[in-house]
Number of protein chains: 2
Amino acid sequence: MSYERQNIRRMTGYASGEQPEQPGIIKLNTNENPYPATPAVAAALAGLKVEDLRRYPQPLANEFRTLAAQQHQLTADCILPTNGGDELLRLVITTFVDAGDVIAVAEPSYSLYPVLAAIQDCEVARIPLGEDWRMAPDFVSQLNATGAKLAFIVNPHAPTGLLTSVADLRTIADQFQGVLVIDEAYVDFIDPDLNYDATPLIREFDNVLILRTMSKGYSLAGLRFAYGMGAPSLIAPMLYKTRDSYNTDVLSQVLATAALQDREAAAANWTLVRQERARVAAALEKMGFSCPPSQSNFLLATVPAAEGDEEELQTRARRYYQQLKDNGILVRYFDQPRLRDKLRITIGTFDENQRLLACLEDCVRQD
Amino acid sequence: MSYERQNIRRMTGYASGEQPEQPGIIKLNTNENPYPATPAVAAALAGLKVEDLRRYPQPLANEFRTLAAQQHQLTADCILPTNGGDELLRLVITTFVDAGDVIAVAEPSYSLYPVLAAIQDCEVARIPLGEDWRMAPDFVSQLNATGAKLAFIVNPHAPTGLLTSVADLRTIADQFQGVLVIDEAYVDFIDPDLNYDATPLIREFDNVLILRTMSKGYSLAGLRFAYGMGAPSLIAPMLYKTRDSYNTDVLSQVLATAALQDREAAAANWTLVRQERARVAAALEKMGFSCPPSQSNFLLATVPAAEGDEEELQTRARRYYQQLKDNGILVRYFDQPRLRDKLRITIGTFDENQRLLACLEDCVRQD
């Protein structure tokens with residue numbers, strides 16, 4: 001017989017991007033950093049011994065918390081380390097949202113949110129982004145009208161890469177009645193000239209939770225280490241009650257701490273990603289693709305539109321996806337409304353990007 | 001304002017055993033293995049590079065799953081790797097128990113179970129163990145009478161170390177109406193002559209989930225890697241729906257696989273732990289302590305009872321705990337019914353055990 005809860009039986013699990021096992025694949029489908037973590041992280045890894053693993057980890061990852069607090073000019077009780085960003089997203093729901101409550105998301109966004117909502121048996125209210133992929137001026141009114149206890153905003157946005165300003169986030173935080181999660185998974189790739197910094201919102205509001213991860217900017221997707229930042233009243237129940245008692249392991253605590261300490265070296269890679277982002281976007285535009293201006297490490301590219309109707313464009317995008325794949329290049333194709341004529345392309349190394357562009361030129365030429 | 005759910009606001013978090021930061025402490029309080037992981041695990045750790053961490057992990061830890069399936073003569077779809085045993089315990093509740101449903105536990109047992117139940121807003125039915133710490137003959141009737149959707153049994157039992165036979169477990173699995181979790185965290189320390197093996201129950205019943213961990217037997221508490229074994233129908237919803245999408249990291253997958261592959265070498269350490277367990281138990285008995293026969297890596301020692309009334313014994317146990325601590329030796333004291341006149345002592349190395357015994361002799365002599 002089946003023992004599952006009804007809501008679990010009904011739901012569909014999350015489909016992660018392909019993680020091919022064969023070597024030599026150019027993997028531009030899951031927004032990993034093209035460059036490895038810095039020498040300081042390598043040195044920390046080389047310094048680890050199995051004897052360090054015999055005992056339980058420090059339960060709260062306090063060394064990391066202290067360092068993160070310093071970097072963000074917060075106190076340690078504002079910091080919650082987690083086993084990847086997914087754990088933080090789940091914990092927010094577990095802690096703040098009852099079964100039957102509403103969770104609001106901008107649509108489209110990260111496809112994991114509705115899955116996590118279904119696990120908690122929550123409703124999802126999807127607030128569509130405008131034609132320009134921006135939040136509507138009355139976004140927060142729409143948010144409050146849903147009665148949502150929790151809202152997820154990805155910033156820079158996925159899958160478009162667009163950045164929402166801190167001023168706009170402040171308005172939402174101020175007026176929203178529930179907990180606002182700002183998922184900053186891609187924050188490290190924002191142009192520093194924009195001076196984006198949402199952490200002051202944590203001191204201003206008791207309902208703002210910012211997600212940071214070591215997966216993207218710090219090239220440690222395989223490590224599973226992220227952290228939340230919020231008012232102590234928001235962090236405490238997750239830190240002391242709902243979190244698994246030893247949620248981060250010894251190795252990840254040591255390496256994440258080493259990586260954060262070595263921020264300047266990682267930032268050199270972020271610059272490279274931004275340079276390549278600009279170069280690839282320009283090359284794509286030249287071929288007839290169009291991309292929203294991305295502040296992330298990926299581009300959402302609409303396939304060349306010259307003579308195609310909507311259906312033809314969708315067929316074309318799928319065909320390009322497949323042709324790239326046949327040539328050993330993985331990108332992401334989302335079979336969902338508004339995205340079927342687009343490819344989401346992670347920025348790779350110079351060589352990887354060159355191979356991508358060459359292959360896409362073939363695609364376009366053959367059309 | 002407070003945004004927490006009512007049940008989260010009401011509940012108290014789990015209190016883990018002390019994890020002292022200062023060096024030189026003899027740590028016999030959280031049942032860690034006194035010996036480090038084997039040279040094969042050390043070699044696997046030394047072989048890891050930060051480049052291996054740049055990409056997401058294999059989502060299901062398939063290499064580990066295949067190996068574990070082989071070792072237990074099961075198919076891979078019976079195996080669910082998790083970020084420590086805690087994650088598996090949580091996942092079982094998330095997947096099979098609705099808010100308001102009942103979870104049954106033998107009392108006393110692992111103090112995390114009621115905490116996880118509170119997070120899901122479930123009731124906990126506590127079924128007291130007998131005077132001899134054994135389950136009553138009508139245990140399963142009591143279980144069914146509670147209406148429990150889920151029951152947790154630790155085997156060997158914590159905190160007593162007593163072993164329940166597979167025959168008794170089979171009766172419970174057969175007659176219990178819900179999902180039966182057999183938490184085998186300490187299984188590796190069972191005397192091999194007893195031929196204990198509960199895995200056949202997985203093929204016989206669709207409601208049995210066995211928990212195994214790399215924390216104790218394999219000396220990898222700091223790694224956070226465990227796995228569940230159950231019928232594919234029981235495993236699938238956790239594997240494909242409720243689990244965080246990348247719940248185990250690259251490092252832990254590699255090291256756990258290396259450790260399981262090197263089972264024979266780890267087993268040599270289990271023999272040492274058993275030998276020391278017998279020696280320490282005999283020495284304690286000689287001093288007037290009494291311990292149930294433990295098949296685990298700890299002993300539950302009742303302080304010498306000669307002339308004491310109940311209250312005097314409790315004071316004495318607490319005093320011994322403190323005197324040990326003052327001498328740099330940590331053991332576990334549970335301030336809860338039936339356990340206040342006892343100390344739970346993890347089996348350490350020969351030298352650690354000698355220091356423990358010498359200090360306890362001082363305690364007894366001073367009484």
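Here is a short conversation about a predicted model, with a visitor asking for reasons and a guide giving them.

Visitor: How do you know that Cys359(B) is in no disulfide?

Guide: A disulfide needs two cysteine sulfur atoms within 2.5 Å. The nearest cysteine sulfur to that of Cys359(B) belongs to Cys363(B) and is 4.8 Å away, so the pair does not meet the cut-off. Over all chains, the count comes to 0 disulfides.

Visitor: And why is Cys359(B) called buried?

Guide: Buried means under 20% relative accessible area. Cys359(B) has 7%, so the word fits. Cys78(A), with 6%, is buried because that value is under the cut-off as well.

Visitor: Why is Tyr110(A) called partly exposed?

Guide: The label covers values between the buried limit of 20% and the exposed limit of 50%. Tyr110(A) comes to 26%, and therefore it counts as partly exposed.

Visitor: What makes Tyr14(A) and Tyr110(A) an edge-to-face pair?

Guide: Two rings pair if their centres lie within 6.5 Å, and planes over 60 degrees apart count as edge-to-face. Here the centres are 6.0 Å apart and the planes make 80 degrees, so both conditions are met. The pair links distant parts of the chain, with the two residues 96 residues apart.

Visitor: What makes Tyr110(B) and Tyr113(B) an edge-to-face pair?

Guide: Their centres are 5.4 Å apart and their planes make 80 degrees, so they pass the limits of 6.5 Å and 60 degrees. Tyr113(B) is buried at 1%, whereas Tyr110(B) is partly exposed at 26%.

Visitor: How do you know that strand 11 of chain A is mostly covered?

Guide: Of its 5 residues, 5 are buried. Lys342(A), Arg344(A) and Thr346(A) point one way, while Leu343(A) and Ile345(A) point the other way.

Visitor: Why are strand 9 and strand 11 of chain A said to pair?

Guide: Pairing takes at least two bridges. These strands share 5 bridges in the antiparallel sense, so they qualify. Within this pairing, Leu300(A) has Arg344(A) as its bridge partner.

Visitor: What makes the link from Arg316(A) to Pro304(A) a polar contact?

Guide: The cut-off is 3.5 Å between N or O atoms. The side chain of Arg316(A) reaches the backbone oxygen of Pro304(A) at 2.6 Å, so the distance is within it. Arg316(A) sits in helix 12 of chain A and is buried at 5%.

Visitor: Why are the two copies said to be related as by a two-fold rotation axis?

Guide: Chain B is superposed on chain A by a rotation of 180 degrees with 0.0 Å of shift along the axis. The copies are therefore related as by a two-fold axis.

Definitions and conventions:
Residues are numbered from 1 along each chain as its sequence is written. Chains are lettered from A and ligands numbered from 1 in the order in which they are written. This is a predicted model: local features need pLDDT of at least 70, side-chain atom pairs count only at pLDDT 80 or more; totals for chains, interfaces and linings use all residues. Side-chain values use heavy atoms; hydrogens and water are left out. Buried means under 20% relative accessible area, exposed over 50%, partly exposed in between (1.4 Å probe, protein chains only). Helices (H or I, at least four residues) and strands (E, at least two) are DSSP runs, numbered from the N terminus. A polar contact is a pair of N or O atoms within 3.5 Å; within protein, one must be able to donate a hydrogen and the other to accept it, and residues adjacent in sequence count only if both atoms are side-chain atoms. Copies are superposed by least squares on the C-alpha atoms of residues with pLDDT of at least 70 in both. Rings of Phe, Tyr and Trp (its six-membered ring) pair if their centres lie within 6.5 Å; planes under 30 degrees apart count as stacked, over 60 as edge-to-face and the rest as tilted.
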